[in-house]
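Subject: Handover of a structural model

Dear colleague,

Please find below the structure that I am handing over to you. My findings follow it, and I would be grateful if you read them alongside the coordinates.

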Amino acid sequence: MDTIEREDGGRNMDVSGSVPPARGGEPDAPTDSLAYEGVWRFTAPAVEESVPQARRAVRDLLGRQGVPAPQDLVYSLLLIVSELVTNSVRHAALLSPEVAVEVAIGREWVRVAVEDNHPYRPKALEADFGQTGGRGLLLVREVTREAGGVCDVEHTSTGGKVIWAALPLTAPAPAPVPAPAPSGPAV
């Protein structure tokens, strides 16, 4: 696995609190950016051993940068990275012997993306309890949604694809619980 390197210029997270932009067109980092903000990218061969290595590299990066992420958010990000790298290894290795993992950290968001050179754009499958696989993207979508984040699949300019998920650093507010109906004698 290649060393994680910080990307200078070009692709930084939107620190305004809105959903971070996907590929291209990201604004420049503000001058008051926090120490943990930035974009890091590494590549790995499209082999099974790269899955735990990618997960470990992302976990270590978050810790090294001092990202103020709750433990459940870190677990969600690591699950997403595992699923996305696994998909690239299993389904794209023939056309993409290498996968790229990008971690973009902003003031309020962490975005992980996995890119490969395979042109097929997968869709999240619905739960089919008769199948033993094929639900990785469904899992990514649900984990992302539960965390209050967003995810998408996009084509790259080179004909491949990038699948990304952005999660907020703070937990979403819990849904309000409706007040119980007043109890009284039934009429």
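Strands here are DSSP runs of E of at least two residues, numbered from the N terminus. Arg111 belongs to such a run, strand β4, which covers residues 109-116. Please note that the model is predicted.

Overall organisation

The protein contains 3 helices and 6 strands. Their order along the sequence is β-β-α-α-β-β-α-β-β. Of the 187 residues, 43% are buried. The accessible surface amounts to about 10300 Å², and carbon and sulfur atoms account for 55% of that area. If one takes the contacts between residues at least 6 apart in sequence, 70% of them link residues at least 24 apart.

Confidence

The mean pLDDT of the protein is 80, and 70% of the residues reach at least 70. Among the elements, β4 has the highest mean value, 97, whereas strand β1 (residues 5-6) has the lowest, 49. Two stretches call for caution. Residues 1-6 stay under a pLDDT of 50, and the model gives them 25 contacts beyond four places in sequence. Residues 8-31 also stay under 50, with 48 such contacts in the model. Where pLDDT is low, the predicted coordinates should not be read in detail.

Strands β2, β3 and β4

Strand β3 (residues 98-105) pairs with strands β2 and β4. With β2 (residues 38-45) the pairing is antiparallel and comprises 8 bridges; in it, Pro45 lies opposite Glu98 of β3. With β4 the pairing is again antiparallel, over 6 bridges, and Val101 faces Val114 of β4. β3 and β4 make a hairpin, with 3 residues between the two strands.

As to burial, 7 of the 8 residues of β3 are buried. In β2, 6 of the 8 residues are buried, so the strand is largely enclosed by the rest of the structure. Within β4, Arg111 has a relative accessible area of 2% and therefore counts as buried, the limit being under 20%. The side chain of Arg111 makes a polar contact of 3.3 Å with that of Glu102.

Beyond β2, the loop that leads to α1 (50-65) contains Val47. Val47 is partly exposed because its relative accessibility is 34%. The C-alpha atoms of Val47 and Thr86 are 8.6 Å apart in space, although the two residues are 39 places apart in sequence.

Nonpolar cores

In soluble globular proteins, nonpolar side chains tend to be buried together. In the present model, the largest nonpolar core has 38 residues, of which Val58, Leu62, Val67, Ile80, Val85, Ile105 and Val110 touch the most other members. At least two residues of this core come from each of β2, α1, α2 (71-92), β3, β4, α3 (136-146) and β6 (161-168). The largest share, 9 residues, is supplied by α2.

Val58 may serve as an example of the packing. Leaving aside residues up to four places away in sequence, Val58 touches Phe42, Leu78, Val81, Val101 and Val103. There is also a second, separate core of 5 residues, among them Trp109, Val162, Trp164 and Ala166.

Helix α3

Which residues of α3 are buried? They are Gly136, Leu137, Leu138, Val140, Val143 and Thr144. An α-helix has 3.6 residues a turn, so residues three or four places apart point the same way. The cover over the buried residues of α3 includes α2, β5 (150-155) and β6. After α3 comes Gly148, which has a positive phi, near 85 degrees.

In closing, I would draw your attention to two points. The first is the contrast in mean pLDDT between β4, at 97, and β1, at 49. The second is Arg111, which is buried at 2% relative accessible area and whose side chain is joined to that of Glu102 by a polar contact.

With kind regards

Terms used. Residues are numbered from 1 along each chain as its sequence is written. Side-chain values use heavy atoms; hydrogens and water are left out. Helices (H or I, at least four residues) and strands (E, at least two) are DSSP runs, numbered from the N terminus. Buried means under 20% relative accessible area, exposed over 50%, partly exposed in between (1.4 Å probe, protein chains only). A polar contact is a pair of N or O atoms within 3.5 Å; within protein, one must be able to donate a hydrogen and the other to accept it, and residues adjacent in sequence count only if both atoms are side-chain atoms. Two strands pair if DSSP finds at least two bridges between them. Contact means heavy atoms within 4.5 Å. Accessible areas come from the Shrake-Rupley method with a 1.4 Å probe; for residues, only the protein chains shown count as cover. A nonpolar core is a set of buried Ala, Val, Leu, Ile, Met, Phe, Trp, Tyr and Cys residues joined through side-chain atoms within 4.5 Å. pLDDT is the predictor's confidence in each residue, from 0 to 100.
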